[in-house]
Amino acid sequence: MLPCRDEVLFLTNQLVNIESIVNSDGEKEISQAIYMLLSSFPYFMENPNHILKQQTIDDEQERYNILAFVKGTKKKSDKTVILMGHMDTVGIDDYNHLKNKACHPTDLMEALKQERLPTVVEDHLNSGNYLFGRGVLDMKSGVASHLYLLKYYSEHPEELEGNLLVVIECDEEDGSHGILSALKELKHLKEEHGFDYIAAINADFVSPRYEGDVNRYIYKGTVGKLLPSFFITGAETHVGSCFEGIDPNFIAAELTKQISYNPDLCNEAFGETTVPPVSLKQTDLKPTYTVQTALSAYVYYNFFIHSWSPKEVLEKLKDQAEIAFMNALNEFNRKYKQYSLASGQPYMDIPWKARVLTYEEMNQLLIEENGTDYVDHMSQFKEQLLLDKELDTRMYAARVVEEAWKWMSDRSPAIILFYSSLYSPRIEVTGKNDKEENLIESLEHAITAIQPHYEYPIATKNFFPYISDMSFVALSDDEAGIQAVSSNNPSWGAKHYVNYQDIRDINVPVINIGPYGFDAHKQFERMELKYSLEVVPNLTNNVIQNLLK
């Protein structure tokens with residue numbers, strides 16, 4: 001076992017002290033601090049071309065990744081293990097009056113002793129076994145572990161049979177500009193130095209999966225995440241004549257009822273099941289108050305996948321949207337008949353039918369009907385829309401669909417289904433090739449070696465359950481799956497673009513060995529010291545050694 005606890009704790013505190021909230025200047029500050037730290041190591045002073053600070057590509061923010069590598073001298077080998085982790089954090093507003101202490105663990109923990117805390121949090125605080133603060137768990141202690149190992153091998157290259165490359169990326173908590181930019185540099189280094197990337201090890205946080213769960217998990221591969229979105233149109237009417245039209249919010253409500261928390265939309269693979277979709281936004285697109293119903297509504301949902309492709313998800317959600325639409329029309333009809341009886345007013349058959357189109361289907365229809373007039377108009381519209389810096393990719397996509405809808409010859413109520421954000425691909429690591437088999441065996445041997453030194457069980461699972469940059473170093477989807485993303489994202493090529501070929505060019509199996517703790521992204525974020533500072537670095541090191549043998 002490497003005696004790493006004190007040094008990893010010191011590095012963790014140094015990193016946490018820098019307030020590196022995503023999309024803030026702190027991201028720039030922490031990248032510079034890490035670059036200066038590594039530049040001070042004798043190995044990198046002698047080999048300055050083995051460390052680089054890379055600015056992100058096609059990014060409105062000015063921020064940087066840090067990449068550094070050590071070439072082992074034990075035995076010449078092109079085999080290269082990638083260690084990866086992100087330096088940015090979520091915000092600190094949830095710390096309320098303790099906000100100024102959020103990035104200073106010692107001060108924060110002292111202040112928390114004066115607060116009324118949940119019992120389990122108070123027990124952890126007083127135990128001396130946990131460190132509190134923004135980023136201690138997600139994931140600066142994981143980055144500290146990687147930096148420790150990089151430093152160790154920079155001082156002991158004779159113990160390394162192959163190469164160790166560390167990638168510390170920015171922007172994991174938002175748009176993954178960091179890792180997507182780093183792919184270009186990884187490819188360049190591969191060509192320049194002949195690196196054979198055999199595995200990647202991420203160090204994002206792990207937590208209990210349920211109350212009373214004592215396992216410390218290591219994940220082989222990761223969950224995928226999509227953001228299916230729905231533009232919903234109704235038939236506008238004055239609220240005094242409400243049954244003469246149909247409110248798109250009424251349809252949207254039925255859609256959310258159908259999709260949110262629906263177990264039929266959980267994706268099981270290898271004995272593990274995703275959590276169901278849940279609504280992340282539901283609104284109408286009416287700009288101001290009037291006594292008319294809205295013309296359109298907009299809803300999007302988080303959607304996790306293990307084995308389904310983005311194409312399959314569209315097919316499943318189109319079916320669900322049709323069910324929801326029919327349910328909405330049936331309910332509308334029932335209430336209309338009930339109202340007619342109560343008011344003595346005549347009932348008229350409703351003229352609408354359930355209609356659901358994907359964005360690709362609508363777009364193709366409009367191209368066929370309107371040709372270059374439509375294509376040129378939408379191109380100019382998208383370009384103009386980019387000038388509005390307040391629009392994120394999700395609202396940008398909604399506005400593009402809203403504009404395209406105006407060209408429809410049949411504007412009776414409809415639901416348009418599309419993707420409006422970054423697709424984080426799912427990754428399976430199941431032993432389907434030599435690299436995956438080697439990684440799985442190396443991990444199993446490492447756990448067997450380290451488990452006797454730690455009291456709680458170290459267990460493996462197949463899919464990391466949170467969004468992470470692991471998604472962008474390998475690809476399990478085929479071309480049709482990826483095509484479904486690009487063809488159904490209205491902001492593709494304008495506000496949003498991912499070169500999935502860059503991922504295919506790296507395509508390395510990835511696992512996650514990260515710090516253990518509780519309440520990531522919350523005010524009581526904390527990590528367990530022994531596992532995070534001792535077990536994680538040694539487990540990672542053991543896997544590295546097994547892989548390179």
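A residue counts as buried when its relative accessible area is under 20%. In this predicted model, S340 has a relative accessibility of 7% and therefore counts as buried. S340 belongs to helix α9, which spans residues 310-343. Apart from neighbours within four places in sequence, S340 is in contact with Q345, P346 and Y347.

Helix packing is considered next. The axes of helix α1 (residues 5-16) and helix α6 (residues 136-155) come within 8 Å and cross at roughly 130°. The two helices are therefore oblique to each other, and their crossing is right-handed. On the side of α1, the residues that take part are E7, V8, L11, T12, L15 and V16; they meet residues of α6 including V136, K140, V143 and Y148. By class, this contact has 9 nonpolar, 3 polar and 3 charged residues.

The structure holds 29 salt bridges, among them the three listed here.

| Salt bridge | Closest N to O distance |
|---|---|
| R5 and E534 | 2.7 Å |
| E528 and R216 | 3.0 Å |
| E436 and K432 | 2.7 Å |

The pair of R5 and E534 links helix α1 with helix α15 (residues 529-548), across 529 residues of the chain. R5 is partly exposed, at a relative accessible area of 30%.

E528 lies in strand β20 and R216 in strand β7, so their salt bridge ties together parts that are 312 residues apart in sequence. E528 is buried at 8% relative accessibility, and R216 is buried at 3%.

In the third pair, E436 is buried, with a relative accessible area of 5%, whereas K432 counts as exposed at 51%. Elsewhere, salt bridges with shared partners join E27, D59, R63 and D171 into one network.

Technical notes. Residues are numbered from 1 along each chain as its sequence is written. This is a predicted model: local features need pLDDT of at least 70, side-chain atom pairs count only at pLDDT 80 or more; totals for chains, interfaces and linings use all residues. Side-chain values use heavy atoms; hydrogens and water are left out. Axes are lines fitted to C-alpha atoms, for helices over the stretch in contact, and angles run from 0 to 180 degrees between N-to-C directions. Helices (H or I, at least four residues) and strands (E, at least two) are DSSP runs, numbered from the N terminus. Angles under 35 degrees count as roughly parallel, over 145 as roughly antiparallel, 65 to 115 as roughly perpendicular and the rest as oblique. A crossing is left-handed if the near helix is turned anticlockwise from the far one by less than a right angle, and right-handed if clockwise. Contact means heavy atoms within 4.5 Å. Ala, Val, Leu, Ile, Met, Phe, Trp, Tyr, Cys and Pro count as nonpolar, Asp, Glu, Lys and Arg as charged, and the others, Gly among them, as polar. Buried means under 20% relative accessible area, exposed over 50%, partly exposed in between (1.4 Å probe, protein chains only). A salt bridge is a side-chain nitrogen of Lys or Arg within 4 Å of a carboxyl oxygen of Asp or Glu.
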